Structure formats: structure tokens, C-alpha cells
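This briefing introduces a structure to a reader who has not seen it before. Please look over the sequence and the model first.

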Amino acid sequence: MPEGKEKNHPIQNIRGVGPKIADTLSNLGIYQVEDAVFHLPYKYEDRTNLTPIGDAPYETPLLVEGEIVKSTVVFRGRRMLITEIFDGTGRLTMRMFHFAFAQHKNLKEGHRIRCFGTIRHGPKGKEMIHPQYQVFSKDEEVEIEDHLTPIYPSTSNLQQGRLRKLIQGSIIYCQKNNLLKENWETEDEGGFKDLLSALTFIHNPPTETSLELLSSGQHPAQRKLIKEELVAHILCSGMLKRETELRKSPLMQSASRQENLLLGSLGFELTNAQTRVWDEIKQDFEKETPMRRLLQGDVGSGKTVIAALATLQASDNSLQTAFMCPTEILAEQHYENMTQWFTDLGIKVDLLLGSTKAKDRKRILSDLQSGKTQVLLGTHALFQKDVIFKSVGLTIIDEQHRFGVHQRFTLLEKGGDKEKSPHQLIMTATPIPRTLSMTVYGALDTSIIDELPPGRRPVETTSRPNSMRSKVIKRIEEVCLDGQRVYWVCTLIEDSDELEAQAAEELFKEISKEVPKVKTGLVHGRLKKEEKDKVINRFRKGDIQLLVCTTVIEVGVDVPEATLMIIENPERLGLAQLHQLRGRVGRKADTDSHCLLLFREPLSELAKERISTMENTNDGFVIAEKDLELRGGGDIHGLRQSGLMNLKIANPIRDSDLLESAQQEALLIAKTNELQARSLINRWIGARLDYSDS
Ligand code: ADP
Ligand code: MG
């Protein structure tokens, strides 16, 4: 547990939570009972009404119930389980691509089934694909939910139902133990007397609550929490800023002697934007207070080489660099680049991952502590306590959005000297509006690379319905046999890694069968690191021409020879994520690249608009704005994933009307109640502090 946390109510105090499930919960940042209560739903479903199948509209989530008429496994290009249901008013087909034998067995003819899902047009009329369902015998009485059903961000091996129960248990625990009862707010619009009553409502809204209000984050219970979260982030950001101002930076004033050598070896010239940004960083290095700079640049704009230049200057001043990446794939890729760039310059680079073997790890840590290694790259493995630098001068965080404010902070502590603090460079492809970065975003200076390297052609994006799949596969064959390389991205089936991986495996089989001449590889999140590496490296070298993958490929992978990307079911992804994915192609000068969005019909209005935005622009900033606009309210989960910030409930764009009063509250609390400030920060941000120990 994080030190200084006064509360101690481990989640295992809740009935039914043993060490194993506690371990699973830690993946969600849940360690304490309070963390569970702060694990908030990202959407709600209304399962309080049964809709007759005959009247049921398309494309709206709803609950139906009927008798199982027939259930069979069929092959239609792929294996699927088809279940026919009749309720007296109409017929419905339930179609599933991923299922276990036991599931099939359980769907007995004559039993009743209750399904929650969205009805689509299928070959035989109304159908639901992978609905949530419940089977019971004919005369069994099963109650219908009497509250709206909250849906939570979850992790593999943890069912929604289990998570829901556990959170309800945690709420009751808090009531009994008088937790979360304080009310710091001066005025209260919603009549929620304390935090716990607002939280209880959010986890359990009565049927009559407006779904619209809830999904746009406008319910008073939500607003209460949103404001508190904003206050906590503003407080935290102010705290970080004050801490920084009190510290001295490590001396990095002398310009790098080797800069020209590195620049000469790149094989390209820096763009004007890169040169400008590098100048801004060099000016920061001259100052006595440490740099806190956010480097924004669209995918492919060339942020890595800027990081390399900064690293070089640190090393020339006898200081080490800690370079952190959100995924192992990305860390390895940077490691390869840096090794290539730095070895001739006599600079030693090392790589530390969660999966690094104990023996290697020992060697790496000892070289780091003795100063033999100048640059250490890695994932969050770098946060661990025993990772000790001799003298770290610079920390770099790539694709910042996967890390929270506190992780940045922990990394700064690696300097080992309370008076001093290393320079910090944070790189991101997510455009962050300036007002935001000033208020709630940790008070960073900003640099922007607003220009792509020369010769880049915009990725031409088109969309096709899934009915044209075989044509698409044909085209892939041509492209691959022509020596180019192709990504085929298989997107989320549900909120589950497991299913996503399964879907990718099936696609891989399908494609290998249809285009046997093309060498095809597969990567997904469930593969072991060595296997992933092997496949990606073969793709890089061209031994594999077609890479079937999941969204694990999203962040930073750089294979310039890849010129075509197929994104399957793009309608499931947000704009920011689609744009990130597409950024994997179009990286080679003077070469045309394409992105093909292979969607499943019918498309919702929102999905249509997203897809047409992708077809019409390649500009990351335009896309980010459109993304926020389309989300309007609602999709907090998506926003969190796109990573604008590490927020649980607030959406600083949507909730901007609360920013001013939150800022005033924060100011007041910071001045008058230090203890309160700390406890707010702990509550909203602190739970993520202990990443390193977990
Ligand atoms: P990102 O900003 O997305 O991290 P990268 O740093 O991975 O982008 O750069 C993308 C590609 O562009 C790399 O292959 C890199 O070598 C190349 N690149 C970077 N800067 C330039 C430049 N000025 N001219 C030509 N190519 C460049
Ligand atoms: Mg990058």
C-alpha cells in the first residue's frame, strides 16, 4: 500500500474476496474497499423492461425473453452457435462466434432465455450477436432488475455480475464503518448529503432516473463527484508545480559535443518544427529549475529523435536518462533505435521490462547503479524501488497517456536527491488543449511538432462494408505479392482481451486459408512477449507480409514498409484510437499508403460520422476536436482510454463549466486545509501511486 494512507480497509475485508480475486482487482487499481466504491460505471443499461420481440426496434439496447426453439452449431465460413427464440410476438436469432461446449449444452430447447443486446438485421430477420443472456427452465420465476444496471470497466476473468456484487458489498461496508461520510463542499445542488450517498446513487440508480442525464454526466450525483475530482487534480497539479519550483535541476548546460555526429548519421534532416522544439528543450536545460515539458506531435511527426537528442545531451553532461514506454513492444523498438544511434558514440543503452529474467535484471541494475549504463529504457518496471540510478538527469515518458500524474512523480524521485529533480520530457500524440494543460494537467510547458517529415503523403482512407470482404482479401494478396506489407487489425468484440485474442486467432486462420501464398503472422495481447517480439521482428524484416493483430499494435510501432492497414469493425472504436492505429502506415517517404475501414452494417449515425471524419482528414488536431465534439457527453470510458487524463469520472471538456468553481475551491482548500488537500489527492489520484509495489 502507498505510504501515508491513513485508511486501511483492504478489499479482502469484503465477503467473497480472497487473495486470488484481490489480485485480479489490483489490475483495476482496487486495493482498498474505498477503491472499489470509486470504481465507477462507464455506462448504464436499462434492463428493467421486457420488450416483445415483434415490436422491438433495431439498434437500441433492450431486454427480450422467449422460448428456445432450436440451438445448433453451424459452419458458415466459421464456426458459430445459432439459437432461435420465439416469444409469441416474434422470432429472434442469437448468433455467437465464441462459445464453449457447456454453453451450447445449456441452451436446451423448451427452456426460457432472457437476452440483453442490440437487435440487428440478420439473414433470417432480427438477430442479436453475442448478447448477454440467462437461461432458465420454463416455470422458474426470475425477477427483472429493478434498478438501472451499471456497467464497469473490467478486466479478463472478472464478470460484470461479480464485480457489481462486490462493489455493492463495499458500499454497505462503508456505511457500516462510517467511511466517505465527510462533506467538504460549501454549497450542494443535488441534495446528496455526503460523498457516500452520491456514490451509492451512482452505483444503483433507480429505474426512473433519466438515462440521458446519466449518460451525459449531468446528474447531480455525478456532478458532485466530478467537481471533487477536478478539485483533487487541480490541487495535485499545484502541489507538483510548487515541488518543482523548489528544486534545482541537474546541470546540463553544456551543449552536446556529439549532436552533429548523431544528426549526421540519421539519414534525414530535422524538420523546422523538430528544430524549433529541440531549441525549446535546450533552453530549458539552461535553467536552474528542472524542465517539465510536454511534447505534442501527431503520430509519425518524429518525436523519438528529439528524445534521442535530449538523451545525448544528458549523457554528455555525465547524467543518465530514464526512458519509459507504456508497452513492451514500444520499449523494445526504442531500444533498437537508440542502440543503433548511440553505440558508435560510445553510449551504453539497456532495456528493463517486467519480463526481464532475474539474472539479466541483476546485471542491468548493477550497471545502472555504477553508471556504466547511460540510458535505461523500459516499461513501468522502471518504477520499482530497486531500480537505482547513479545520477539521473533526464526522464522521458513516451505516449504519456498511459501513465498517471503520480507515476511521473515517482519517476522523479529516482533522482535520489530531495533538493534536485531531473528534467522531464513527456511525449504524446494526443492533442491537449492549452487551457487544460494549464489547469488540471500538472502545469507543464508545451512544445508542438506541427509538421510531418517531408515526402509523407496523407494516408488515403476508405471504407467498405463487410459484404465486400472477399474483394478486400483479394486486394491484400495483390499488395503483399507486390512486396508491400499489410496490417489487419481486429478490434474489440467486448470489453475483453480474451475474446479479442480469440477473434484475432480465428481471423488469422481464415486468412491463412484464403491466401496461402501470403506469409501471415499473428500478434495479440495474450501472447508471451518473446512470441510477440518474434512475429513483429519478422514483419519488420519482411519475412511476414501480413500481420493480423489486435489493438496492441496501436501505440508507436514503426515499420515504414507497411503501406496498407485494414481495420475491422472500426465502428467499435473512438476516433482518437482509429487515428492512432492508422498512424502505423504512411511512414515512408514518397509512397502512397492506404487505410481501409471494413465495417459491419448497419452503422449508427455516430459511427457514420466517425468513419467519414477518418476519410476526410489526416490532421490529428482536427480529429481530436471532432472526437471530443462527437463524444459530447457520455463516453467517459472512451475518453479515459484515449488518455486525455487519468480521470475516473470528470471530462474536463464536457464539464468545463465546473472548472472555475473547482479552481476556487482548490485554492481555498490549499490555503486553509492542508490535510483536506492531501486526503482529496489520495482519494482520487493516490490509489495509483503504488503501481511500483504491486
Ligand atoms: P512519432 O512522433 O510518432 O513517435 P517517430 O519518432 O516514430 O514518430 O518517427 C516516425 C518515422 O519518421 C521514423 O521512421 C523516423 O525515423 C522518421 N523521421 C523522423 N524525423 C524525420 C525527418 N525529419 N525526416 C524524415 N524522417 C523522419
Ligand atoms: Mg512515438
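The points below cover a pair of packed helices, the surroundings of a ligand, and two backbone features.

The model is predicted. Thr 304 appears under two of the topics, as part of a helix contact and among the closest residues to ligand 1.

**Helix packing**
- Two packed helices are described by the angle between their axes and the distance between the axes.
- For helix 10 (residues 304-316) and helix 11 (residues 328-342), the angle is about 50 degrees and the axes are 11 Å apart.
- The two helices, helix 10 and helix 11, are therefore oblique to each other.
- The crossing of helix 10 with helix 11 is right-handed.
- Helix 10 contributes Thr 304, Val 305, Ala 308, Thr 311 and Leu 312 to the contact, and helix 11 contributes His 334, Met 338, Trp 341 and Phe 342.
- Of these contact residues, 6 are nonpolar, 3 are polar and none is charged.

**Ligand 1**
- Ligand 1 is surrounded by 16 residues, and the closest are Glu 269, Gln 274, Gly 300, Thr 304 and Arg 456.
- A side-chain N or O atom of Thr 304 is 2.5 Å from an oxygen atom of ligand 1.
- Backbone atoms also take part: a polar one of Gly 300 is 2.6 Å from a ligand 1 oxygen, and an N or O atom of Gly 302 is 3.1 Å from a ligand 1 oxygen.

**Backbone features**
- Most residues other than glycine have a negative phi, and most peptide bonds are trans.
- Leu 180, in the loop between helix 4 (160-176) and helix 5 (195-203), has a positive phi, near 55 degrees.
- The peptide bond from Glu 601 to Pro 602 is cis, and its omega is near -10 degrees.
- Pro 602 sits in the loop between strand 22 (594-599) and helix 19 (605-616).

Conventions:
Residues are numbered from 1 along each chain as its sequence is written. Chains are lettered from A and ligands numbered from 1 in the order in which they are written. This is a predicted model: local features need pLDDT of at least 70, side-chain atom pairs count only at pLDDT 80 or more; totals for chains, interfaces and linings use all residues. Side-chain values use heavy atoms; hydrogens and water are left out. Axes are lines fitted to C-alpha atoms, for helices over the stretch in contact, and angles run from 0 to 180 degrees between N-to-C directions. Helices (H or I, at least four residues) and strands (E, at least two) are DSSP runs, numbered from the N terminus. Angles under 35 degrees count as roughly parallel, over 145 as roughly antiparallel, 65 to 115 as roughly perpendicular and the rest as oblique. A crossing is left-handed if the near helix is turned anticlockwise from the far one by less than a right angle, and right-handed if clockwise. Contact means heavy atoms within 4.5 Å. Ala, Val, Leu, Ile, Met, Phe, Trp, Tyr, Cys and Pro count as nonpolar, Asp, Glu, Lys and Arg as charged, and the others, Gly among them, as polar. A residue is near a molecule or strand if one of its heavy atoms lies within 4 Å of it. A polar contact is a pair of N or O atoms within 3.5 Å; within protein, one must be able to donate a hydrogen and the other to accept it, and residues adjacent in sequence count only if both atoms are side-chain atoms.
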